[in-house]
Amino acid sequence: MKKKQRPSETLTSPLETLPTSTLFEILDRLPLSDLKSVSLTSKTLLSVESSHRRTLRPLRPDLLPVALRRYPSASRLDLSLCPRVTDASLSSLPVSPSLAAVVLSSRSVGISRYGVAGLVDRCRNLVEIDLSDAAGVDDAAVAVIGRGCANLEALRLSRCVGVTDIGVAWVAVGCRRLKRLCLRWCVKVTDLGVGLVAAKCEEIRSLDLSYVQITEKCLPAVLQLRKLENLVLVGCVGIDDEGLMALKQGCKSLETLDLSYCENVTHAGLSYLTNGCDRLCQLTLSYGSLVNNSLGNCLGKLSNLQSIRLDGSHVTCPGLMAIGTCGISLKELSLSKCSGVRDEGLCFLVEKHKDLVKLDITCCRSITYLSIASITTSCTSLTSLRMESCSLVSKEAFVLIGQRCRFLEELDVTDNELDNEGLKAISRCLELTSLKIGICLNITDEGLIDVGTHCHKLQELDLYRCASITDSGVSAVAHGCPRLQMINLAYCKEITDCSLRTLSECSDLNTLEIRGCVLVSSIGLSAIAVSCKLITKLDVKNCQDVDDVGMLSLARMSKNLRQINISYCSVTDVGLLALSSISCLQNMTILHISGVTPNGLAAALLACGGLTKVKLHSSFRSLFPRSFLDHIQARGCVLHWRDKPFKFEEDPKIWRLHSRAEIRAV
């Protein structure tokens with residue numbers, strides 16, 4: 001008789017015999033979703049994984065003490081997915097000397113100076129704190145940081161509207177080692193606070209003052225920062241040319257500058273601000289003043305400039321030509337939504353900047369085949385080309401893209417005249433990882449099969465409203481592109497469950513949009529749930545054959561699901577309650593679902609503790625007690641009420657004509 005094996009004689013896992021350093025390397029290569037499963041296979045691996053993990057992203061505040069004790073070597077605590085962080089949660093943290101970074105940007109209303117004090121008291125070695133969107137954070141809370149975090153290097157206070165110059169002064173005096181500071185939308189901060197930070201914190205490398213009520217008065221102190229590399233002044237309308245004229249010298253260490261939405265700064269003010277900025281390599285002037293030849297001449301003084309963003313600005317032909325002849329060598333250029341871009345100016349510019357690797361001409365609706373011919377002839381090293389809604393570009397131009405730009409990794413030709421011939425040529429760009437061809441109504445399975453045959457590195461595919469695509473085309477992509485992570489099949493009405501079954505073979509898939517795919521049912525959705533464990537975003541709006549069976553499959557298998565839209569589906573209270581068991585779920589859209597009752601909806605909202613945003617039909621609002629709604633929102637969940645009438649989707653061709661008519665009217 002075979003001797004019964006004692007517990008002490010159990011076989012040792014081969015992994016347990018490896019050195020700890022080797023195990024660390026193995027764990028580094030595993031997806032986050034698999035780490036827990038691996039660690040539970042043995043006590044040795046559990047111990048190794050506990051000492052190895054550096055980042056924690058808990059979904060519930062009550063798990064914080066347990067998580068920090070289990071992972072004593074964690075250096076970063078990210079609470080951005082935790083909607084109910086309160087002062088009590090932070091005050092109950094165990095002493096964590098290894099914790100260096102804490103992210104609290106969860107739109108939580110329950111954090112005040114008391115919670116911040118508890119955090120600072122228990123985490124003495126913090127070098128990075130993110131308090132973005134924390135409505136309860138005011139000067140008193142920031143003062144706690146200034147007094148207790150002398151080694152702080154990074155602080156984000158974005159949209160902390162209760163912070164004034166007084167709070168910023170505490171940071172300036174107490175955090176002398178600060179390198180990165182974000183005051184975006186801190187509307188009560190003025191020149192006084194910013195000037196004090198610039199005077200006291202000499203180590204600052206990155207400063208974001210977007211939408212802060214400052215003028216040019218604080219800029220001399222800011223520009224004297226000897227290590228400043230990144231300056232963001234988006235929406236600082238108090239800065240104008242007249243004020244900038246007083247500046248003697250720009251910041252010599254500056255590498256990136258963002259002046260988007262600074263409508264009062266023209267080429268004249270820019271020349272004063274960038275005077276002496278010899279290291280400036282990235283400049284953003286989106287939605288600003290007129291782009292003319294004077295601006296082009298100003299840019300010529302920035303010898304190291306490699307990237308310019310002019311999105312949303314009015315561009316003149318002489319302006320583009322001046323940029324072409326200004327003597328700089330551009331690598332990146334963005335003209336997205338720029339009015340005034342014509343063939344003449346664009347052709348001249350790209351012929352002078354042949355080293356471009358990224359070009360964005362989205363919604364440049366006046367360019368034609370000539371521009372694309374010039375781009376593909378001159379800029380053969382392009383890795384990114386974005387040209388959505390260039391409606392005058394003929395189908396022949398897309399063949400040129402495929403023939404001449406073989407290094408493309410990202411291509412966006414949404415809403416263009418692309419056909420199968422053009423898509424066949426584009427599919428020869430073997431480095432493609434992102435391809436967006438939505439609203440290209442002339443492509444069929446024939447072109448998509450070419451993509452699946454050749455573009456094996458593809459990770460993102462957008463087929464939004466490509467009405468002629470069927471299961472055959474999707475199958476070719478699923479089999480030929482094993483690295484696929486995102487696919488948008490919204491309103492591809494010929495798609496059936498067969499497509500979802502083939503897509504389930506793409507184990508890296510995390511985003512699936514099948515809105516309006518009326519032939520899809522819970523059978524196909526269940527196949528996705530079973531095989532695609534990394535699904536985080538799912539849109540099944542208007543899939544009327546998706547019912548509780550699909551929701552039950554998601555509840556059992558899709559533990560990483562964070563966002564779902566089930567509007568117009570055949571889901572009932574049973575399916576909705578099943579979804580509420582997914583602990584990661586944060587965002588739901590529930591409109592026009594006849595099978596969901598007020599009681600079922602209330603039960604689901606109560607059960608799903610991690611929700612941060614839910615879109616509901618306004619008809620439910622009056623059916624809930626005020627106290628119930630207050631309770632849900634107090635937990636960190638924002639309820640968005642929509643009074644949207646029930647509506648059937650139009651034919652894609654009719655929809656396209658309507659959308660273009662609206663654009664012309666604007």
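Okay, so let's start at Ser158, which is buried, with a relative accessible area of 1%. This is a predicted model, by the way, so keep that in mind for everything I show you. Ser158 sits in a loop, the one running between β5 (154-156) and α8 (165-174). And what does Ser158 touch, once you skip residues up to four places away in sequence? The answer is Ser132, Asp133, Cys182 and Arg184.

Let me zoom out for a second. The protein has 666 residues, and 53% of them are buried. In secondary structure, you're looking at 27 helices and 24 strands. Then there's how the chain contacts itself: take the contacts between residues at least 6 apart in sequence, and 73% of those join residues at least 24 apart.

Now, a couple of loops with backbone angles to look at. As background, most residues other than glycine have a negative phi. Trp185 goes the other way, with a positive phi near 65°. You'll find Trp185 in the loop between β6 (180-182) and α9 (191-200). Is that tryptophan buried or partly exposed? Its relative accessibility is 36%, so Trp185 counts as partly exposed. Tyr211 also isn't a glycine, and its phi is positive too, about 60°. That tyrosine belongs to the loop between β7 (206-208) and α10 (219-223).

Okay, empty space inside the protein. Searching the whole structure for cavities of 30 Å³ or more turns up one. The largest cavity holds about 120 Å³ of space. It's lined by 13 residues, and the ones closest to the centre are Val265, Thr266, Leu285, Gly288 and Ser289. If you sort that cavity lining by class, you get eight nonpolar residues, five polar and no charged.

Keep that lining in your head, and let's go to a pocket. The second largest pocket has a volume of about 270 Å³. Which residues come closest to the centre of this one? Out of 16 lining residues, they are Arg515, Asp539, Asn565, Thr589 and Lys615. Strands show up here: β20 (537-539), β21 (563-565), β22 (587-590) and β23 (613-617) are the elements that each give two or more residues to the lining. As for chemistry, the lining of this second largest pocket has nine charged residues, four polar and three nonpolar.

Next up, helix packing. Have a look at α15 (residues 343-352) and α16 (residues 369-378): their axes come within 9 Å and cross at roughly 0°. An angle under 35 degrees counts as roughly parallel, so that is what we call α15 and α16. On the α15 side, the contact is made by Asp343, Leu346, Cys347, Val350 and Glu351, and on the α16 side by Leu370, Ser371, Ser374, Ile375 and Ser378. Count that contact by class and you have five nonpolar residues, three polar and two charged.

Staying with α15, its buried residues are Asp343, Gly345, Leu346, Cys347, Leu349 and Val350. Besides α16, those buried residues pack against α14 (317-325) and β12 (332-334).

Then there's helix α20, residues 471-480. Why do I say α20 is largely enclosed by the rest of the structure? Because eight of its ten residues are buried. Those are Asp471, Gly473, Val474, Ser475, Ala476, Val477, Ala478 and Gly480. And what's doing the covering? Among the elements over those buried residues are α19 (445-454), β17 (460-462) and α21 (497-503).

Last stop, Phe628, which is in helix α26 (residues 626-634). Its relative accessibility is 12%, and the cut-off for buried is under 20%, so Phe628 counts as buried. Setting aside neighbours within four places in sequence, Phe628 is in contact with Ala602, Leu605 and Leu606. Take Leu606 from that list: Leu606 and Phe628 are 22 residues apart in sequence, and their C-alpha atoms are 9.3 Å apart in space.

That's my tour, so let's open it up for discussion.

Definitions and conventions. Residues numbered from 1 in each chain as written. Predicted model: local features only at pLDDT ≥ 70, side-chain atom pairs only at ≥ 80, totals over all residues. Heavy atoms only, no water. 1 Å grid on protein atoms, 1.4 Å probe; cavity = no way out; pocket = protein on both sides within 12 Å on 5 of 7 lines; lining within 4 Å. Points joined across faces, edges and corners; volume = space filled by probe spheres on them. Helix = DSSP H or I, 4+ residues; strand = E, 2+ residues; numbered from the N terminus. Nonpolar A, V, L, I, M, F, W, Y, C, P; charged D, E, K, R; others polar. Buried < 20%, exposed > 50% of the residue type's maximum accessible area, 1.4 Å probe, protein only. Contact = heavy atoms within 4.5 Å. Axes fitted to C-alpha atoms, helices over the stretch in contact; angles between N-to-C directions. Parallel < 35°, antiparallel > 145°, perpendicular 65-115°, else oblique.
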